[in-house]
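User: Could you take a close look at one helix for me and at what surrounds it? I'd enjoy a connected walk through the details.

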Amino acid sequence: MRIFLLLFVLLATPAWSNDQEDFSNAATAYDKGDYQTAFLLLKPLAEQGDAVAQYNLGIMYMRG
């Protein structure tokens with residue numbers, strides 16, 4: 001959960017509401033232990049160059 005708290009602080013801009021929704025859903029999935037869904041939601045954002053998504057995917061890879 002600590003990882004995803006950073007997401008909400010950095011993405012408080014309303015213009016990014018779709019991204020915020022994806023991050024929110026990813027955080028919820030992650031907290032429930034549904035890592036596959038969290039990964040699938042974060043990966044497209046990371047591929048678009050979102051540094052926060054890239055960081056969180058890196059943490060997920062590191063933890064296996």
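Analyst: Happy to! Let's start with Asn56, which sits in helix 4, the stretch covering residues 51-63. Please keep in mind that this is a predicted model. Asn56 has a relative accessibility of 1%, and because buried means under 20%, Asn56 counts as buried. Its side chain has a partner in the backbone: the side chain of Asn56 reaches the backbone oxygen of Val52 at 2.8 Å.

From there, we can turn to the nonpolar packing. The largest nonpolar core has 11 residues, and Ala53, Leu57 and Met60 are among them. Also included are Phe23, Ala26, Ala29 and Tyr30, along with Ala38, Leu42, Leu45 and Ala46. At least two residues of this core come from each of helix 2 (17-31), helix 3 and helix 4.

Helix 4 also takes part in the largest pocket, whose volume is about 160 Å³. The pocket is lined by Tyr30, Tyr35, Gln36, Phe39, Leu57, Met60, Tyr61, Arg63 and Gly64. Two or more of these lining residues are given by helix 3 (35-47) and by helix 4. Helix 4 provides the largest share, with four residues. Sorted by class, the lining has six nonpolar residues, two polar ones and one charged one.

Finally, here is a link between the two regions: Tyr30, Leu57 and Met60 appear in the largest nonpolar core and also line the largest pocket.

Notes. Residues numbered from 1 in each chain as written. Predicted model: local features only at pLDDT ≥ 70, side-chain atom pairs only at ≥ 80, totals over all residues. Heavy atoms only, no water. Buried < 20%, exposed > 50% of the residue type's maximum accessible area, 1.4 Å probe, protein only. Polar contact = N/O pair within 3.5 Å; in protein donor to acceptor, adjacent residues only side chain to side chain. 1 Å grid on protein atoms, 1.4 Å probe; cavity = no way out; pocket = protein on both sides within 12 Å on 5 of 7 lines; lining within 4 Å. Points joined across faces, edges and corners; volume = space filled by probe spheres on them. Nonpolar A, V, L, I, M, F, W, Y, C, P; charged D, E, K, R; others polar. Core = buried A, V, L, I, M, F, W, Y, C linked by side-chain atoms within 4.5 Å.
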